[in-house]
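Please open the model in a viewer and keep the sequence panel at hand. The stops below are arranged so that each selection leads to the next.

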Amino acid sequence: MVMESVVSELEGTLLKDPDPFSYFMLVAFEASGLIRFALLLFVWPVIRFLDALGMDDAGLKLMVFVATVGLRVSEIESVSRAVLPKFYMDDVDMEAWKVFSLYDKRVVVTKMPRIMVEMFVKEHLRADEVVGSELIVTRFGFATGFISGDITSISSRVAKLFVDDEPSLGLGRCTSSFRFFSLCKEQMQPPFITNENLHNHQLRPLPVIFHDGRLVKRPTPSTALLILLWMPLGIILAIIRIMIGVMLPMQAIPYVSRLFGGKIVVKGKPPPPISGSSSGVLFVCTHRTLMDPVVLSTVLRRKIPAVTYSISRLTEILSPIPTVRLTRIREVDAEKIKHELSKGDLVVCPEGTTCREPFLLRFSALFAELTDQIVPVAMNYRVGFFHATTAGGWKALDPIFFFMNPRPVYEVTFLNQLPAEATCSSGKSPHDVANYVQRILAATLGFECTNFTRKDKYRVLAGNDGTVSYTSIVDQIKKVVTTFKPFLQ
């Protein structure tokens, strides 16, 4: 049986946008910093001018040079693994991918360096081979900014993959610079019109569940310019907002925050404060950002302690609510939570880490063992420019990036307190209770439940298991210096 094969161009075919500039901007921002990000935007008119003269190859090489020269290859790989897939996936042409996925052997051809796309197209688009340019790297692991090979050599490498049998189909634009179409038995060009059978096709690209990076929107030239212009004002606004949260009483924050662009949408009926000597209520929240417990306290107009694990010491100092640091030692953490509940209400996020996409990670069952007074709370948020979470960066900047957004919006939905028959007091196992709470919160938000954990997230995004070691002040200062060092590159 002959294996059917397809060769597809990435830019402008599998991805709708034929211009890879915004992906190099992401590499510049996430792997280096603002200076390189601004410099690459500054040379964008030159790149466009070269393209207009028909010198696409020269424009591409200029993009690669400015975005990567002097960077560690490991940093580029990290961005390609943790940041770029989300933006690639948002730009995938599903009609093109449906055609591409029907074939047995799938080859993707790209103008970008292979290191920037290989993980995405193989893991998410289910490609078998990726053909692109190669970054030239020094023996010390730094990118020189140069690439080996041009458009012609990339096309010749495609031909070498099909020495014995020509590809069954070629997908690409009629204006493409690649020359692999002559190798293919058939050619298709966008827009792709699929038949009814393909619409019922069950295979789907693997979704992006975990992603990192600070930018919310893909930095096209206009978006990147807007980000740079907003940055100074955003920093001032963030400082003002943080000072308001630290200095004003909790009852006043909802009113004052509106004056500075913040908005909180509340649904459902929150429970009243506890009275007498009864044990406190445990608010079980979905975890979107480190602001979840603070926003909950703001809505309830009283300071409710929150259990934490990996937030920075600076965040703890700035926090307007008490925090209870967990150890990940089950017995020790159980005693801490019981002690806090004996004093009053408490907030817990049983996912153990944040997730940006519409998925809920597996809930730890510890909370279900410790109390029957459980109130599920569905938390969600919307921001325009910057994400307020990171796996590979410095977590102390999380609140600053959150408050740098022009109009951050939080949605808080209170569900009814769990009835006794849905808790461990009725004989249910803690895992059953945790899974039930996860399901009703996911249904409220329109999210999907998963079995992924904190460890899974950090293995994907940071290459570790997310274990936090509490470092000395000197080590933390070194980390701060390391964080801001790339801004000078």
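For the opening stop, an axis is a line fitted to C-alpha atoms, for a helix over the stretch in contact, and the angle between two axes runs from 0 to 180 degrees between N-to-C directions. Note also that the model under view is predicted.

**Stop 1: a pair of crossing helices**

Select helix α5, residues 73-82, together with helix α8, residues 114-123. Their axes come within 8 Å and cross at roughly 35°. The crossing of α5 past α8 is right-handed. Now display side chains at the interface: on α5, choose Val73, Ile76, Glu77, Ser80 and Arg81, which meet Ile115, Met116 and Met119 on α8. Coloured by character, the residues of this contact divide into five nonpolar, one polar and two charged.

**Stop 2: Phe24 and its surroundings**

Keep Met116 of α8 in view, since it is among the residues touched by Phe24. Select Phe24, which lies in helix α1, residues 21-31. Is Phe24 buried or exposed? Phe24 has a relative accessible area of 0% and is therefore buried, the cut-off being under 20%. Beyond its neighbours up to four places away in sequence, Phe24 touches Leu40, Leu60, Met63, Val64, Ala67, Met112, Pro113 and Met116. For a sense of distance, draw a line from the C-alpha atom of Phe24 to that of Ala96: the two residues are 72 apart along the chain, and the separation is 23 Å.

**Stop 3: Leu40 and the nonpolar cores**

From Phe24, move to its contact partner Leu40. Which residues touch the most other members of the largest nonpolar core? They are Leu40 and Phe283, in a core of 105 residues. Helix α1 supplies the largest share of this core, nine residues. Another core, of 28 residues, lies apart from it and includes Leu282, Leu346, Leu360 and Ala365. Around Leu40 itself, select Phe21, Phe24, Met25, Ala28, Ile47, Met63, Val66 and Ala67, with which Leu40 is in contact when neighbours within four places in sequence are left aside.

**Stop 4: Leu346 in the separate core**

Select Leu346, one of the residues of the 28-residue core. Leu346 is found in strand β11, residues 346-348. With a relative accessible area of 0%, Leu346 is buried. Leaving aside neighbours within four places in sequence, its contacts are Val281, Leu282, Phe283, Ile304, Pro305, Ala306, Val307, Ile337, Glu340 and Leu341. Among these contacts are Leu282, listed in the core of 28 residues, and Phe283, named above for the largest core. To relate this stop to the opening one, connect the C-alpha atoms of Leu346 and Ser80, which are 39 Å apart in space and 266 residues apart in sequence.

**Stop 5: two buried polar contacts**

Return to α1 and select Ser22. At 3% relative accessibility, Ser22 counts as buried. Its side chain is joined to that of Arg218 by a polar contact of 2.8 Å. Beyond residues up to four places away in sequence, Ser22 touches Arg218, Pro219 and Thr220.

Next select Asp398, in helix α17, residues 398-403. Asp398 is buried, at 7% relative accessibility. Which side chain makes a polar contact with the side chain of Asp398? The partner is Arg214, at 2.8 Å. Besides Arg214, Asp398 touches Leu290, Ala388, Thr389 and Thr390, not counting residues up to four places away in sequence.

**Stop 6: backbone details in the loops**

Switch to a backbone display and select Pro190 and Pro191: the peptide bond from Pro190 to Pro191 is cis, with omega near 0°. Pro191 lies in the loop between β6 (186-188) and α10 (196-199).

Then go to Arg126, in the loop between α8 and β3 (129-137). Its phi is near 60°, a positive value in a residue other than glycine. Arg126 is partly exposed, at 30% relative accessibility.

Finish at Arg328, placed in the loop between β10 (323-325) and α15 (330-343). Here phi is near 70°, again positive in a residue other than glycine. Arg328 counts as partly exposed, with a relative accessible area of 45%.

How values were computed: Residues numbered from 1 in each chain as written. Predicted model: local features only at pLDDT ≥ 70, side-chain atom pairs only at ≥ 80, totals over all residues. Heavy atoms only, no water. Helix = DSSP H or I, 4+ residues; strand = E, 2+ residues; numbered from the N terminus. Buried < 20%, exposed > 50% of the residue type's maximum accessible area, 1.4 Å probe, protein only. Polar contact = N/O pair within 3.5 Å; in protein donor to acceptor, adjacent residues only side chain to side chain. Contact = heavy atoms within 4.5 Å. Left-handed = near helix turned anticlockwise from the far one by under 90°. Nonpolar A, V, L, I, M, F, W, Y, C, P; charged D, E, K, R; others polar. Core = buried A, V, L, I, M, F, W, Y, C linked by side-chain atoms within 4.5 Å.
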